Structures are given as structure tokens and as C-alpha cells.
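Visitor: I am new to this structure and would like a close look at one part of it, namely the empty space that is found inside it or along its surface. Please go through that part slowly and explain each term where it first comes up.

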Amino acid sequence: MSALKQRISDDMKAAMKGGDKPRLGVIRLILAALKQIEVDERIELDDARVLSVLDKMVKQRRDSIAQYENAGRTELADQEKFEIGIIQEYLPEQLGDAEISALIDKAIQATGAASMKDMGKLMGWLKPKLQGRADMGAVSARIKQQLNG
């Protein structure tokens with residue numbers, strides 16, 4: 001079992017013992033998503049893949065928040081925000097704007113990217129370094145802005 005998955009499992013037991021039902025519910029959602037992939041693909045997830053799943057869960061919730069807020073459903077948006085808070089506890093510390101910009105500059109130099117045609121190459125270089133540490137959609141938008149300069 002990956003170290004990260006073990007930590008999530010241990011936190012689930014602690015939430016059960018502590019009677020923290022809201023937190024327990026979110027942790028169970030995480031473990032269910034991980035288990036689903038393991039069963040479907042008949043594999044044991046490593047930390048990198050667990051981070052990828054957590055990152056996807058955060059992205060889904062961000063999308064839901066926007067939809068709920070547009071529909072005036074603040075209670076549902078608040079629940080999604082709460083879930084993001086719990087999920088992010090298992091993700092590495094988020095990078096700041098300056099760090100992301102520096103990595104984008106480094107990626108452009110490393111790949112020789114000059115136009116939007118090189119977007120795939122840039123994202124391929126950046127994704128392993130930013131996975132779980134930045135909103136990849138926002139990073140993509142910044143790259144487009146930089147390349148169109």
C-alpha cells in the first residue's frame with residue numbers, strides 16, 4: 001500500500017474513533033475513488049497515481065462550486081469547499097504564483113516552445129512537477145497567455 005493511501009486509511013480510522021462524521025464522509029469518498037481504480041485496473045496505486053486521483057477530485061469539486069454558485073445553491077457550494085479542504089490535506093503544498101511562473105519559464109526554455117503548437121510538449125514537461133501542487137487549468141491558461149504574449 002502506498003504511504004499516502006495508508007495515511008488516508010489511518011485518518012479514516014481516527015475520524016471514526018473521534019466521531020468526526022463530516023470528515024469521515026470525505027475520507028470515505030477518497031478511499032472509494034482509489035479502490036474503484038484499483039478494482040477496475042487490477043493494480044495497486046502508487047503515491048503518484050493517488051495524487052493524480054486527488055487532484056482530479058479537487059478539480060471536479062471546483063467545477064461543481066462554480067455551477068452551484070451560479071444556481072444560487074450556496075449550501076451545496078459550501079459542502080464542495082469543505083470537501084476540497086479535506087482532500088487538499090493529502091496534496092503537497094500548493095505553489096505560489098512566482099514559483100509557477102518560474103517553472104513555466106523553465107519549461108519553455110527546456111522544450112524550446114515558441115507557439116501554441118508546443119502546448120502539449122510544455123504540459124508534458126510541467127505536469128509531473130505541478131501535479132497536485134497547482135490548478136493545471138490555471139497553469140494552462142497562463143502558458144497560453146505567455147506564448148501569445
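Guide: What follows starts with the chain as a whole and then turns to its pockets and its enclosed space.

The model is predicted, and in it local features need pLDDT of at least 70 and side-chain atom pairs count only at pLDDT 80 or more, while totals for chains, interfaces and linings use all residues. Residues are numbered from 1 along each chain as its sequence is written, and side-chain values use heavy atoms, with hydrogens and water left out.

The chain has 7 helices and 0 strands, where helices (H or I, at least four residues) and strands (E, at least two) are DSSP runs numbered from the N terminus. Followed along the sequence, the chain reads α-α-α-α-α-α-α, and its C-alpha trace spans about 55 × 40 × 30 Å along the principal axes.

Two kinds of space matter here, both found on a 1 Å grid over the protein atoms alone: a cavity is a set of points where a 1.4 Å probe fits but cannot get out, whereas a pocket is an open set with protein on both sides within 12 Å along at least five of seven lines. A residue belongs to a lining if it has an atom within 4 Å of a point. Grid points are joined across faces, edges and corners, and a volume is the space filled by probe spheres set on the points.

The largest pocket holds about 180 Å³ of space. Its lining is made up of Ser 52, Asp 55, Lys 56, Lys 59, Arg 62, Lys 127, Gln 131, Ala 134, Asp 135, Met 136 and Gly 137. Both α3 and α7 supply at least two residues of this lining, and α3 gives the most, with 5 residues. By class the lining divides into 2 nonpolar, 3 polar and 6 charged residues, with Ala, Val, Leu, Ile, Met, Phe, Trp, Tyr, Cys and Pro counted as nonpolar, Asp, Glu, Lys and Arg as charged, and the others, Gly among them, as polar.

The second largest pocket has a volume of about 160 Å³, and around it stand Ala 33, Ile 37, Arg 49, Ser 52, Val 53, Lys 56, Met 57 and Gln 60. Here α2 and α3 are the elements that give two or more residues, and the largest share, 6 residues, comes from α3. The classes in this lining are 4 nonpolar, 2 polar and 2 charged residues. Ser 52 and Lys 56 appear in the linings of both pockets.

Turning to enclosed space, the count comes to 1 cavity of 30 Å³ or more, and the largest cavity has a volume of about 30 Å³. Asp 55, Val 58, Arg 62, Gln 88, Leu 91, Gln 94, Ala 134 and Asp 135 line this cavity, with 3 nonpolar, 2 polar and 3 charged residues among them. Helix α3, which runs over residues 47-70, provides the largest share of the cavity lining, 3 residues. Asp 55, Arg 62, Ala 134 and Asp 135 line the largest cavity and also the largest pocket.

Helix α3 is thus a useful thread to follow through the model: it gives the most residues to the largest pocket, the largest share to the second largest pocket, and the largest share to the largest cavity.
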